[in-house]
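Thanks for coming, everyone. I would like to spend a few minutes on charged side chains and where they sit, so please have a look at the model first.

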Amino acid sequence: MSKPVVLIAEELSPATLEALGPDFEVRNVDGADRSALLPALKDANAVLIRSATKMDAEAIAAAPKLKVIARAGVGLDNVDIKAATTHGVMVVNAPTSNVISAAELAIAHIMGLARHIPDAHASLKAGAWKRSQYTGIELYEKTIGIIGLGRIGTLVAQRLAGFGATLIGYDPYVTQARAEQIGVELVDMEQMMKRSDFITIHIPKTPETTGMISTNEFKIAKPSLRIVNCSRGGIIDEDALYEALKNNQIGAAGLDVFVNEPPKDSPLLTLDNILVTPHLGASTDEAQEKAGVSVARSVRLALAGDLVPDAVNVAGGEIDSSVKPGIPLAEKLGQLVAGLAHTSIVSIEFEARGEIAAHDVTVLKLAALKGLFQTMVTEQVSYVNAPLMAEQRGVDVRLVQDTVSDEYRNVTTLKAVLSDGSVVSAGGTVIGPKHHQKIVSINGYDVELAMAENLVVMVYQDRPGIVAVYGKAFAEANINIAAMTIARQQKGGKALSVITIDSPVEPDVLEQLRSAIEADTVRAVALVEQY
């Protein structure tokens, strides 16, 4: 069999290729050259990019076999995530690859502004010796404001703590307790601007944060304020910053990011009291290698059909070790419910009970939806587009979590309400160190049966002799019964029988069996192992 094609559209570290391993056919293309990129995407199962390659709707449409777009970095401005999701293409990045590098660059800007390092360097290189002109200030006992206390902001705080500075922070999504853990006093934006000797910014650019530091903020700042932005261009209003610096309303600024990059003809570049770098936050050997290795691993997971924690268009994140064994089980429950459904589905409820319910189990819901739609649609189904398929079909999806589980340590159940008002459901659990998958309920009946590739589910009026009838029917069709369980809710009522068979059964055999035992339901379900 031919190997999956991985297209590398930009220069990546040698460690990236090593992390991919020998299981793929690696091809190279200049991603910035559209005339070369679009034809190259035709056979690609995965594409690895950095910032120069635009994976827009046109590029995604040109890649019918594409399963994953991997951005070896953090920003995804060059990827049309909506188009990727619509086409069932997973988008992954390396969200933690540059956090240390970005934090250290912010510290470098702060130190550069405090001690006039770039100007002093240029002056000395030009032959001057102007010690008094470049007298700086210490960080010791200064107040340093940190806007954004996420991963990078926290790293900055940890590093600044060693300077003996007073740290204040602004982040509406962080609790006081969390701020205290990292040695930061939470304040509002007004206090941030009034009290800070230095401010460093570490927040994403959103409609709410764009231009959040502008004329009014600079009016209340200290005249000596030095402000640093190594986050995203536009969080500081550049026009307002220019006026504040030009009129000495604040002391200085350090920018690694700009609204337009490169910032050609920006008046900011004409000022003496500004330190600028060309978006170097992730530009270290270590960050580039981490990013490449990270997305290479994500590509391996994606092409193996596994869930990728760093997929940005999948609800997920890090998967708890107690939740992960339930992913293949949830996918098979989805397949089982799809096989039991005799008409269209109008709503879905995924229920997680037991110890796993204390964790984020969104991934289990996604796996169940993926399994559900695998046999219901013709297009490729992934963790990415399964929720979209439900939405497009008007299927309401609900997640229920309860840490109480009476019979099993953990149990997950998928219930589907059908268009005729009936309900089909399947529940399962994972047991033992080898994570054996068991079916524990079907359509409200308690059962106990190992998950298997081929199942037959029957519902009929309980009475003597039924087992002999379907045992004979399967024997005549040369189909071996591997296991069987029978459940009923009351004596003399309806019984549910679940049979594991060694090979698929033909529809005409099932119809003969249904007629012979006058069954309400006889359905064969094939469960495909994806892991």
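Let me begin with a question: is E511 buried, partly exposed or exposed? This is a predicted model, and in it E511 is partly exposed, with a relative accessible area of 42%. Its salt-bridge partner is R514, with the closest N and O atoms 2.9 Å apart, and R514 is likewise partly exposed, at 32%. Both residues belong to helix α17 (residues 507-517), and because they are three residues apart there, about one helical turn separates them.

A search of the whole structure finds 19 salt bridges, and I will take two others from that set. K370 pairs with E331, the closest N and O atoms being 3.2 Å apart, and this pair links distant parts of the chain, since K370 is in helix α14 (residues 362-374) and E331 in helix α13 (residues 326-340), 39 residues apart. K370 counts as buried at 6% relative accessibility, and E331 is buried too, at 1%.

R409 and E355 form a salt bridge with a closest N and O distance of 2.9 Å; R409 lies in the loop between β14 and β15, and E355 in the loop between β13 and α14, so the pair ties together parts that are 54 residues apart in sequence. Here R409 is exposed, at 62%, while E355 is partly exposed, at 47%.

Finally, there is the surface, where E18, E104, D285, E286 and E289 gather in a patch of negative charge. Helix α12 (residues 285-303) supplies the largest share of that patch, three residues, whereas E18 sits in helix α1 (residues 14-20) and is exposed, with a relative accessible area of 64%.

Notes
Residues numbered from 1 in each chain as written. Predicted model: local features only at pLDDT ≥ 70, side-chain atom pairs only at ≥ 80, totals over all residues. Heavy atoms only, no water. Patch = residues over 30% accessible without salt bridge, like charges linked within 9 Å, V, L, I, M, F, W, Y side chains within 5 Å. Areas by Shrake-Rupley, 256 points an atom, 1.4 Å probe, with all protein chains shown as cover. Salt bridge = Lys/Arg side-chain N within 4 Å of Asp/Glu carboxyl O. Lys, Arg positive; Asp, Glu negative; His and termini not counted. Charge placed at Lys NZ, Arg CZ, Asp CG, Glu CD. Helix = DSSP H or I, 4+ residues; strand = E, 2+ residues; numbered from the N terminus. Buried < 20%, exposed > 50% of the residue type's maximum accessible area, 1.4 Å probe, protein only.
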